[in-house]
Amino acid sequence: MTSDQTPARPALLVLGMHRSGTSALAGVLGRAGFALPQELMPPTEHNPRGYFESTRIFRLNDALLAAAGSSWDDWRAFDADWHLSPAAEPFHAEAQEALAAEFPGTAPIVLKDPRICRLLPFWTRALTEAGFRPLAVCTHRPAREVGASLARRNGWPEARGLLLWLRHVLDAEAQTRGRPRVFVSYDGLLADWRGTLGRIAEAFDLALPRPLDEAAPEIEAFLSADLRHAPETPAAAAGLSDWIARPEEILDRKAAGEDRPGDRETLDRIAAEVAAAAPLLADLSGAVEEQGARLEREAALRHEAQTILQQERQRLDDLTAELQLQLHHRTLHVAELERHAEELAQQLRQQRSHAAELERHAGELSALTHELRQQVHHKGRHVAELERHAGALQTAVTRLEAERSALLDSASWRVTGPLRRVSEALRRPKS
(Lines give C-alpha, C1' and ligand atoms only; values in the text may rest on other atoms or scores of the structure.)
Protein backbone atom coordinates (compact mmCIF):
# COMPACT_ATOMS: atom_id res chain seq x y z
CA MET A 1 0.00 0.00 0.00
CA THR A 2 1.21 3.54 -0.71
CA SER A 3 1.20 6.34 1.81
CA ASP A 4 -2.39 7.29 0.96
CA GLN A 5 -3.48 3.63 1.40
CA THR A 6 -4.31 3.17 -2.30
CA PRO A 7 -3.20 -0.17 -3.79
CA ALA A 8 0.24 -0.03 -5.37
CA ARG A 9 0.06 -0.12 -9.15
CA PRO A 10 1.60 -3.34 -10.59
CA ALA A 11 4.77 -2.77 -12.63
CA LEU A 12 6.07 -5.76 -14.58
CA LEU A 13 9.85 -5.44 -14.87
CA VAL A 14 10.96 -7.44 -17.93
CA LEU A 15 14.52 -8.49 -17.02
CA GLY A 16 16.74 -10.19 -19.57
CA MET A 17 19.89 -9.85 -21.62
CA HIS A 18 19.93 -7.94 -24.92
CA ARG A 19 18.85 -10.10 -27.89
CA SER A 20 17.04 -12.48 -25.49
CA GLY A 21 13.45 -11.85 -26.60
CA THR A 22 12.68 -9.14 -24.04
CA SER A 23 11.06 -7.06 -26.80
CA ALA A 24 8.88 -9.99 -27.87
CA LEU A 25 7.74 -10.53 -24.27
CA ALA A 26 7.03 -6.81 -23.73
CA GLY A 27 5.11 -6.71 -27.02
CA VAL A 28 2.93 -9.65 -25.96
CA LEU A 29 2.27 -8.09 -22.54
CA GLY A 30 1.29 -4.83 -24.23
CA ARG A 31 -1.21 -6.65 -26.43
CA ALA A 32 -2.54 -8.42 -23.35
CA GLY A 33 -3.54 -5.01 -21.97
CA PHE A 34 -0.56 -3.95 -19.86
CA ALA A 35 0.37 -0.28 -20.33
CA LEU A 36 3.47 0.39 -22.43
CA PRO A 37 5.46 3.65 -22.25
CA GLN A 38 4.11 6.72 -24.01
CA GLU A 39 7.35 7.46 -25.88
CA LEU A 40 8.30 4.13 -27.42
CA MET A 41 11.71 3.60 -28.94
CA PRO A 42 11.20 3.29 -32.72
CA PRO A 43 11.90 0.01 -34.54
CA THR A 44 15.26 -0.56 -36.23
CA GLU A 45 16.63 -3.02 -38.75
CA HIS A 46 17.81 -5.18 -35.82
CA ASN A 47 14.35 -5.17 -34.22
CA PRO A 48 11.77 -4.32 -36.90
CA ARG A 49 8.77 -5.09 -34.63
CA GLY A 50 9.93 -2.55 -32.09
CA TYR A 51 11.55 -2.55 -28.66
CA PHE A 52 8.50 -1.62 -26.54
CA GLU A 53 10.66 0.35 -24.15
CA SER A 54 10.79 4.01 -23.23
CA THR A 55 13.26 6.14 -25.16
CA ARG A 56 13.42 8.52 -22.22
CA ILE A 57 14.17 5.77 -19.67
CA PHE A 58 16.68 4.14 -22.06
CA ARG A 59 18.60 7.42 -22.20
CA LEU A 60 18.37 7.80 -18.42
CA ASN A 61 19.78 4.29 -17.95
CA ASP A 62 22.70 5.04 -20.27
CA ALA A 63 23.38 8.21 -18.27
CA LEU A 64 23.23 6.23 -14.99
CA LEU A 65 25.72 3.65 -16.22
CA ALA A 66 28.04 6.33 -17.57
CA ALA A 67 27.93 8.24 -14.28
CA ALA A 68 29.00 5.05 -12.51
CA GLY A 69 31.83 4.43 -14.99
CA SER A 70 30.08 1.62 -16.86
CA SER A 71 28.08 1.03 -20.05
CA TRP A 72 25.47 -1.30 -21.48
CA ASP A 73 28.11 -3.68 -22.89
CA ASP A 74 30.22 -3.87 -19.72
CA TRP A 75 30.27 -7.48 -18.44
CA ARG A 76 31.84 -6.56 -15.08
CA ALA A 77 29.82 -6.39 -11.85
CA PHE A 78 27.94 -3.18 -11.13
CA ASP A 79 27.91 -1.82 -7.56
CA ALA A 80 24.46 -2.72 -6.23
CA ASP A 81 24.66 0.13 -3.67
CA TRP A 82 25.62 2.81 -6.21
CA HIS A 83 22.05 4.11 -6.20
CA LEU A 84 22.63 5.23 -2.59
CA SER A 85 25.68 7.32 -3.50
CA PRO A 86 25.62 11.13 -3.89
CA ALA A 87 26.40 10.67 -7.61
CA ALA A 88 23.08 8.85 -8.06
CA GLU A 89 20.95 11.37 -6.19
CA PRO A 90 20.21 13.73 -9.16
CA PHE A 91 18.91 10.79 -11.17
CA HIS A 92 16.15 9.89 -8.70
CA ALA A 93 14.09 13.00 -9.44
CA GLU A 94 14.57 12.43 -13.18
CA ALA A 95 13.36 8.84 -12.78
CA GLN A 96 10.19 10.05 -11.00
CA GLU A 97 9.50 12.52 -13.80
CA ALA A 98 10.08 9.84 -16.43
CA LEU A 99 7.72 7.36 -14.75
CA ALA A 100 4.99 9.99 -14.39
CA ALA A 101 5.33 11.05 -18.04
CA GLU A 102 5.59 7.57 -19.53
CA PHE A 103 2.92 5.78 -17.48
CA PRO A 104 -0.13 7.98 -16.81
CA GLY A 105 -3.36 6.33 -15.68
CA THR A 106 -3.89 3.38 -13.41
CA ALA A 107 -3.40 0.26 -15.58
CA PRO A 108 -0.60 -2.21 -14.72
CA ILE A 109 2.55 -1.27 -16.62
CA VAL A 110 5.45 -2.94 -18.44
CA LEU A 111 8.92 -1.48 -17.85
CA LYS A 112 11.54 -3.06 -20.06
CA ASP A 113 15.19 -2.27 -20.74
CA PRO A 114 17.97 -4.89 -20.48
CA ARG A 115 20.10 -2.31 -18.62
CA ILE A 116 17.70 -2.58 -15.66
CA CYS A 117 19.17 -6.06 -14.94
CA ARG A 118 22.23 -4.20 -13.63
CA LEU A 119 20.33 -1.19 -12.22
CA LEU A 120 17.58 -3.09 -10.42
CA PRO A 121 18.08 -1.54 -6.94
CA PHE A 122 17.79 1.95 -8.44
CA TRP A 123 14.56 1.16 -10.30
CA THR A 124 13.03 -0.86 -7.45
CA ARG A 125 13.40 2.21 -5.25
CA ALA A 126 12.17 4.59 -7.97
CA LEU A 127 9.08 2.50 -8.72
CA THR A 128 8.20 2.04 -5.07
CA GLU A 129 8.51 5.76 -4.39
CA ALA A 130 6.27 6.46 -7.41
CA GLY A 131 3.51 4.20 -6.06
CA PHE A 132 4.23 1.08 -8.11
CA ARG A 133 4.66 -2.52 -6.99
CA PRO A 134 7.75 -3.94 -8.80
CA LEU A 135 7.14 -7.46 -10.15
CA ALA A 136 10.16 -9.10 -11.80
CA VAL A 137 9.61 -11.15 -14.97
CA CYS A 138 13.01 -12.78 -15.62
CA THR A 139 13.38 -14.13 -19.13
CA HIS A 140 16.30 -15.72 -20.96
CA ARG A 141 17.36 -17.19 -24.25
CA PRO A 142 20.08 -19.82 -24.88
CA ALA A 143 23.42 -18.13 -24.32
CA ARG A 144 25.02 -19.24 -27.59
CA GLU A 145 22.11 -17.82 -29.58
CA VAL A 146 22.57 -14.49 -27.83
CA GLY A 147 26.35 -14.60 -28.35
CA ALA A 148 25.91 -15.41 -32.04
CA SER A 149 23.36 -12.63 -32.48
CA LEU A 150 25.64 -10.05 -30.84
CA ALA A 151 28.65 -11.30 -32.82
CA ARG A 152 26.71 -10.85 -36.03
CA ARG A 153 25.27 -7.45 -35.08
CA ASN A 154 28.29 -5.93 -33.29
CA GLY A 155 31.19 -7.88 -34.72
CA TRP A 156 32.23 -9.14 -31.27
CA PRO A 157 33.96 -12.39 -30.32
CA GLU A 158 31.28 -14.80 -29.15
CA ALA A 159 32.94 -15.06 -25.72
CA ARG A 160 32.25 -11.38 -25.03
CA GLY A 161 28.55 -11.86 -25.71
CA LEU A 162 28.50 -14.94 -23.44
CA LEU A 163 30.12 -13.00 -20.58
CA LEU A 164 27.61 -10.19 -21.04
CA TRP A 165 24.74 -12.73 -21.03
CA LEU A 166 26.13 -14.23 -17.82
CA ARG A 167 26.40 -10.83 -16.12
CA HIS A 168 22.79 -9.91 -16.91
CA VAL A 169 21.22 -13.21 -15.84
CA LEU A 170 23.33 -13.46 -12.63
CA ASP A 171 22.48 -9.89 -11.59
CA ALA A 172 18.78 -10.25 -12.42
CA GLU A 173 18.51 -13.53 -10.45
CA ALA A 174 20.52 -12.35 -7.45
CA GLN A 175 18.84 -8.95 -7.08
CA THR A 176 15.27 -10.31 -7.34
CA ARG A 177 15.69 -12.82 -4.53
CA GLY A 178 13.11 -12.28 -1.83
CA ARG A 179 10.99 -10.15 -4.19
CA PRO A 180 7.93 -11.10 -6.29
CA ARG A 181 9.33 -12.73 -9.42
CA VAL A 182 8.67 -15.34 -12.07
CA PHE A 183 10.98 -17.01 -14.61
CA VAL A 184 10.00 -17.52 -18.26
CA SER A 185 11.96 -18.08 -21.48
CA TYR A 186 11.98 -16.85 -25.06
CA ASP A 187 11.54 -20.39 -26.40
CA GLY A 188 8.64 -20.96 -24.01
CA LEU A 189 6.98 -17.71 -25.15
CA LEU A 190 7.19 -18.74 -28.81
CA ALA A 191 6.02 -22.30 -28.10
CA ASP A 192 3.14 -21.41 -25.75
CA TRP A 193 2.46 -17.73 -25.24
CA ARG A 194 -0.82 -18.47 -23.45
CA GLY A 195 1.01 -20.61 -20.91
CA THR A 196 3.66 -17.90 -20.43
CA LEU A 197 1.00 -15.25 -19.76
CA GLY A 198 -0.78 -17.64 -17.42
CA ARG A 199 2.42 -18.24 -15.41
CA ILE A 200 2.98 -14.48 -15.08
CA ALA A 201 -0.60 -13.78 -14.02
CA GLU A 202 -0.61 -16.66 -11.54
CA ALA A 203 2.77 -15.76 -10.03
CA PHE A 204 1.60 -12.25 -9.17
CA ASP A 205 -2.09 -13.02 -8.61
CA LEU A 206 -2.98 -10.64 -11.44
CA ALA A 207 -5.95 -10.64 -13.77
CA LEU A 208 -4.88 -9.97 -17.35
CA PRO A 209 -6.18 -6.49 -18.28
CA ARG A 210 -7.53 -7.76 -21.61
CA PRO A 211 -9.39 -11.03 -22.31
CA LEU A 212 -7.10 -13.49 -24.08
CA ASP A 213 -9.73 -14.37 -26.70
CA GLU A 214 -9.83 -10.71 -27.68
CA ALA A 215 -6.04 -10.28 -27.64
CA ALA A 216 -5.20 -13.63 -29.29
CA PRO A 217 -5.39 -12.56 -32.97
CA GLU A 218 -3.04 -9.63 -32.35
CA ILE A 219 -0.61 -11.73 -30.35
CA GLU A 220 -0.58 -14.50 -32.95
CA ALA A 221 0.09 -11.97 -35.70
CA PHE A 222 2.84 -10.37 -33.62
CA LEU A 223 4.53 -13.71 -32.89
CA SER A 224 4.54 -14.57 -36.57
CA ALA A 225 6.36 -17.44 -38.19
CA ASP A 226 9.60 -15.56 -38.88
CA LEU A 227 10.22 -15.26 -35.12
CA ARG A 228 9.99 -19.02 -34.82
CA HIS A 229 13.19 -19.62 -36.80
CA ALA A 230 15.72 -22.31 -36.07
CA PRO A 231 18.34 -21.36 -33.46
CA GLU A 232 21.25 -19.38 -34.85
CA THR A 233 23.61 -21.89 -33.18
CA PRO A 234 22.82 -25.15 -31.40
CA ALA A 235 20.95 -24.27 -28.23
CA ALA A 236 22.37 -27.18 -26.25
CA ALA A 237 24.81 -26.25 -23.50
CA ALA A 238 27.27 -28.97 -24.54
CA GLY A 239 30.73 -27.56 -25.09
CA LEU A 240 30.03 -24.41 -23.09
CA SER A 241 31.94 -23.33 -20.03
CA ASP A 242 30.46 -24.37 -16.67
CA TRP A 243 29.95 -20.64 -16.07
CA ILE A 244 27.50 -20.57 -18.96
CA ALA A 245 26.09 -24.08 -19.06
CA ARG A 246 25.06 -24.36 -15.40
CA PRO A 247 23.19 -21.02 -15.18
CA GLU A 248 21.43 -21.87 -18.45
CA GLU A 249 20.30 -25.24 -17.05
CA ILE A 250 19.08 -23.61 -13.83
CA LEU A 251 17.17 -20.88 -15.70
CA ASP A 252 15.56 -23.48 -17.97
CA ARG A 253 14.35 -25.39 -14.90
CA LYS A 254 13.09 -22.22 -13.23
CA ALA A 255 11.18 -21.29 -16.41
CA ALA A 256 9.59 -24.76 -16.24
CA GLY A 257 8.56 -24.12 -12.62
CA GLU A 258 11.22 -26.32 -11.03
CA ASP A 259 13.59 -25.24 -8.24
CA ARG A 260 16.31 -27.60 -7.02
CA PRO A 261 18.25 -27.39 -3.78
CA GLY A 262 21.70 -26.03 -4.40
CA ASP A 263 20.78 -23.94 -7.47
CA ARG A 264 21.23 -20.68 -5.58
CA GLU A 265 24.61 -21.83 -4.23
CA THR A 266 25.72 -22.84 -7.72
CA LEU A 267 24.84 -19.41 -9.10
CA ASP A 268 26.58 -17.70 -6.17
CA ARG A 269 29.68 -19.84 -6.72
CA ILE A 270 29.83 -18.94 -10.38
CA ALA A 271 29.31 -15.26 -9.56
CA ALA A 272 32.17 -15.44 -7.04
CA GLU A 273 34.44 -17.20 -9.55
CA VAL A 274 33.67 -14.58 -12.19
CA ALA A 275 34.37 -11.83 -9.65
CA ALA A 276 37.68 -13.45 -8.67
CA ALA A 277 38.69 -13.85 -12.31
CA ALA A 278 37.47 -10.40 -13.25
CA PRO A 279 40.91 -8.65 -13.10
CA LEU A 280 42.49 -11.28 -15.34
CA LEU A 281 39.47 -11.34 -17.61
CA ALA A 282 39.53 -7.54 -17.72
CA ASP A 283 43.19 -7.59 -18.79
CA LEU A 284 42.46 -10.22 -21.40
CA SER A 285 39.35 -8.38 -22.45
CA GLY A 286 41.30 -5.14 -22.67
CA ALA A 287 43.96 -6.78 -24.82
CA VAL A 288 41.29 -8.38 -26.98
CA GLU A 289 39.40 -5.12 -27.23
CA GLU A 290 42.61 -3.26 -28.09
CA GLN A 291 43.38 -5.87 -30.71
CA GLY A 292 39.79 -5.67 -31.86
CA ALA A 293 39.97 -1.89 -31.97
CA ARG A 294 43.14 -2.12 -34.05
CA LEU A 295 41.49 -4.62 -36.35
CA GLU A 296 38.44 -2.38 -36.50
CA ARG A 297 40.65 0.59 -37.39
CA GLU A 298 42.37 -1.49 -40.06
CA ALA A 299 39.01 -2.71 -41.27
CA ALA A 300 37.79 0.88 -41.26
CA LEU A 301 40.84 1.94 -43.28
CA ARG A 302 40.30 -0.95 -45.67
CA HIS A 303 36.65 -0.04 -45.88
CA GLU A 304 37.58 3.60 -46.47
CA ALA A 305 40.09 2.56 -49.14
CA GLN A 306 37.52 0.29 -50.74
CA THR A 307 34.98 3.08 -50.53
CA ILE A 308 37.40 5.50 -52.18
CA LEU A 309 38.26 2.87 -54.80
CA GLN A 310 34.58 2.25 -55.42
CA GLN A 311 33.97 5.99 -55.62
CA GLU A 312 36.85 6.39 -58.09
CA ARG A 313 35.58 3.44 -60.07
CA GLN A 314 32.15 4.96 -60.00
CA ARG A 315 33.59 8.28 -61.13
CA LEU A 316 35.46 6.48 -63.91
CA ASP A 317 32.29 4.62 -64.86
CA ASP A 318 30.36 7.90 -64.77
CA LEU A 319 33.01 9.65 -66.89
CA THR A 320 33.10 6.70 -69.28
CA ALA A 321 29.34 6.73 -69.52
CA GLU A 322 29.39 10.51 -70.01
CA LEU A 323 32.07 10.23 -72.71
CA GLN A 324 30.17 7.43 -74.38
CA LEU A 325 27.05 9.55 -74.25
CA GLN A 326 28.94 12.54 -75.69
CA LEU A 327 30.48 10.27 -78.34
CA HIS A 328 27.04 8.95 -79.14
CA HIS A 329 25.67 12.48 -79.39
CA ARG A 330 28.64 13.55 -81.52
CA THR A 331 28.23 10.48 -83.72
CA LEU A 332 24.59 11.40 -84.16
CA HIS A 333 25.65 15.01 -84.81
CA VAL A 334 28.25 13.91 -87.37
CA ALA A 335 25.68 11.66 -89.02
CA GLU A 336 23.29 14.60 -89.08
CA LEU A 337 26.00 16.83 -90.56
CA GLU A 338 26.86 14.18 -93.14
CA ARG A 339 23.20 13.85 -94.03
CA HIS A 340 22.92 17.63 -94.27
CA ALA A 341 26.13 17.76 -96.35
CA GLU A 342 24.73 15.11 -98.67
CA GLU A 343 21.53 17.13 -98.98
CA LEU A 344 23.60 20.25 -99.77
CA ALA A 345 25.68 18.28 -102.29
CA GLN A 346 22.50 17.01 -103.85
CA GLN A 347 21.15 20.57 -103.96
CA LEU A 348 24.46 21.75 -105.46
CA ARG A 349 24.30 19.03 -108.10
CA GLN A 350 20.74 20.04 -108.84
CA GLN A 351 21.74 23.71 -108.99
CA ARG A 352 24.69 22.90 -111.26
CA SER A 353 22.40 20.86 -113.49
CA HIS A 354 19.93 23.74 -113.46
CA ALA A 355 22.73 26.20 -114.22
CA ALA A 356 23.86 24.04 -117.15
CA GLU A 357 20.29 23.95 -118.34
CA LEU A 358 20.08 27.73 -117.92
CA GLU A 359 23.36 28.14 -119.82
CA ARG A 360 22.00 25.95 -122.60
CA HIS A 361 18.82 28.00 -122.68
CA ALA A 362 20.92 31.18 -122.56
CA GLY A 363 22.88 29.99 -125.57
CA GLU A 364 19.70 29.20 -127.38
CA LEU A 365 18.28 32.60 -126.38
CA SER A 366 21.47 34.30 -127.52
CA ALA A 367 21.31 32.58 -130.90
CA LEU A 368 17.62 33.37 -131.12
CA THR A 369 18.30 36.98 -130.14
CA HIS A 370 20.96 37.22 -132.83
CA GLU A 371 18.59 35.76 -135.34
CA LEU A 372 15.83 38.11 -134.23
CA ARG A 373 18.21 41.03 -134.42
CA GLN A 374 19.07 40.05 -137.96
CA GLN A 375 15.40 39.66 -138.74
CA VAL A 376 14.74 43.04 -137.10
CA HIS A 377 17.57 44.52 -139.14
CA HIS A 378 16.18 43.06 -142.36
CA LYS A 379 12.68 44.01 -141.39
CA GLY A 380 13.95 47.47 -140.54
CA ARG A 381 15.36 47.82 -144.02
CA HIS A 382 12.15 46.41 -145.43
CA VAL A 383 10.12 48.79 -143.26
CA ALA A 384 12.26 51.70 -144.46
CA GLU A 385 11.68 50.62 -148.04
CA LEU A 386 8.00 50.29 -147.32
CA GLU A 387 8.00 53.67 -145.63
CA ARG A 388 9.72 55.14 -148.68
CA HIS A 389 7.18 53.52 -150.96
CA ALA A 390 4.45 54.63 -148.61
CA GLY A 391 5.78 58.19 -148.83
CA ALA A 392 5.81 58.02 -152.58
CA LEU A 393 2.36 56.56 -152.56
CA GLN A 394 1.22 59.24 -150.15
CA THR A 395 2.63 61.91 -152.48
CA ALA A 396 0.92 60.31 -155.44
CA VAL A 397 -2.33 60.08 -153.49
CA THR A 398 -2.05 63.74 -152.49
CA ARG A 399 -1.38 64.74 -156.09
CA LEU A 400 -4.23 62.59 -157.28
CA GLU A 401 -6.56 64.02 -154.66
CA ALA A 402 -5.56 67.53 -155.76
CA GLU A 403 -6.18 66.65 -159.37
CA ARG A 404 -9.50 65.06 -158.39
CA SER A 405 -10.49 68.14 -156.47
CA ALA A 406 -9.59 70.36 -159.43
CA LEU A 407 -11.51 68.18 -161.78
CA LEU A 408 -14.45 68.17 -159.44
CA ASP A 409 -14.34 71.97 -159.18
CA SER A 410 -14.16 72.31 -162.97
CA ALA A 411 -16.96 69.87 -163.53
CA SER A 412 -19.04 71.58 -160.92
CA TRP A 413 -18.70 74.94 -162.56
CA ARG A 414 -19.61 73.55 -165.94
CA VAL A 415 -22.76 72.13 -164.47
CA THR A 416 -23.73 74.85 -161.99
CA GLY A 417 -23.12 77.79 -164.42
CA PRO A 418 -25.90 77.00 -166.83
CA LEU A 419 -28.12 76.01 -163.91
CA ARG A 420 -27.51 79.34 -162.28
CA ARG A 421 -28.36 81.19 -165.49
CA VAL A 422 -31.53 79.21 -165.89
CA SER A 423 -32.45 79.94 -162.29
CA GLU A 424 -31.87 83.63 -162.76
CA ALA A 425 -33.91 83.61 -165.92
CA LEU A 426 -36.77 82.00 -164.17
CA ARG A 427 -36.72 84.49 -161.38
CA ARG A 428 -37.08 87.45 -163.76
CA PRO A 429 -40.56 88.92 -164.12
CA LYS A 430 -42.40 88.23 -167.31
CA SER A 431 -43.16 91.25 -169.50
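**Exercise 1. A cysteine and its surroundings**

Is C117 buried or exposed?

Solution. The model is a predicted one. Step 1: take the relative accessibility of C117, which is 0%. Step 2: compare this value with the cut-off, since buried means under 20% relative accessible area. Step 3: C117 therefore counts as buried.

**Exercise 2. Disulfides**

Find how many disulfides the model has, and explain the result for C117 and C138.

Solution. Step 1: for C117, the closest cysteine sulfur is that of C138, at 7.4 Å. Step 2: a disulfide needs two cysteine sulfur atoms within 2.5 Å. Step 3: the sulfur of C117 is therefore too far from that of C138 for a bond. Step 4: starting from C138 leads back to C117, which holds the closest cysteine sulfur to it. Step 5: the count of disulfides is 0. As a further check on accessibility, C138 has a relative accessible area of 5%, so this residue is buried.

**Exercise 3. A cluster of rings**

Classify the ring pairs that involve W82, and state which residues they link into a cluster.

Solution. Step 1: a pair of aromatic rings is described by two values, the distance of the centres and the angle of the planes. Step 2: by the rule for pairing, the model has 5 aromatic pairs. One of them joins F78 and W82, with 6.1 Å from centre to centre and 65° between the planes. Planes over 60 degrees apart count as edge-to-face, and the pair of F78 and W82 is of this kind. Step 3: for W82 and F91, the centres are 6.3 Å apart and the planes stand at 45°, so this pair is tilted. Step 4: ring pairs thus link F78, W82 and F91 into a cluster. Step 5: check the accessibility of the members. F78 is buried at 13% relative accessibility, and W82 is buried at 11%. F91 is buried as well.

**Exercise 4. Charges over rings**

Which rings have the arginines R31 and R160 over them?

Solution. Step 1: the charged end of R31 is over the ring of F222, 4.2 Å from the ring centre. Step 2: R160 lies over the face of W156, and here the distance to the ring centre is 4.3 Å.

**Exercise 5. Two helices**

Describe how helix α3 and helix α4 cross.

Solution. Step 1: locate the helices, α3 at residues 89–102 and α4 at residues 120–129. Step 2: their axes come within 10 Å and cross at roughly 55°. Step 3: this angle makes α3 oblique to α4. Step 4: the crossing of α3 and α4 is right-handed.

Terms used. Residues are numbered from 1 along each chain as its sequence is written. This is a predicted model: local features need pLDDT of at least 70, side-chain atom pairs count only at pLDDT 80 or more; totals for chains, interfaces and linings use all residues. Side-chain values use heavy atoms; hydrogens and water are left out. Rings of Phe, Tyr and Trp (its six-membered ring) pair if their centres lie within 6.5 Å; planes under 30 degrees apart count as stacked, over 60 as edge-to-face and the rest as tilted. Buried means under 20% relative accessible area, exposed over 50%, partly exposed in between (1.4 Å probe, protein chains only). A charge sits over a ring if NZ of Lys or CZ of Arg is within 6 Å of the ring centre and within 35 degrees of the ring normal. Axes are lines fitted to C-alpha atoms, for helices over the stretch in contact, and angles run from 0 to 180 degrees between N-to-C directions. Helices (H or I, at least four residues) and strands (E, at least two) are DSSP runs, numbered from the N terminus. Angles under 35 degrees count as roughly parallel, over 145 as roughly antiparallel, 65 to 115 as roughly perpendicular and the rest as oblique. A crossing is left-handed if the near helix is turned anticlockwise from the far one by less than a right angle, and right-handed if clockwise.
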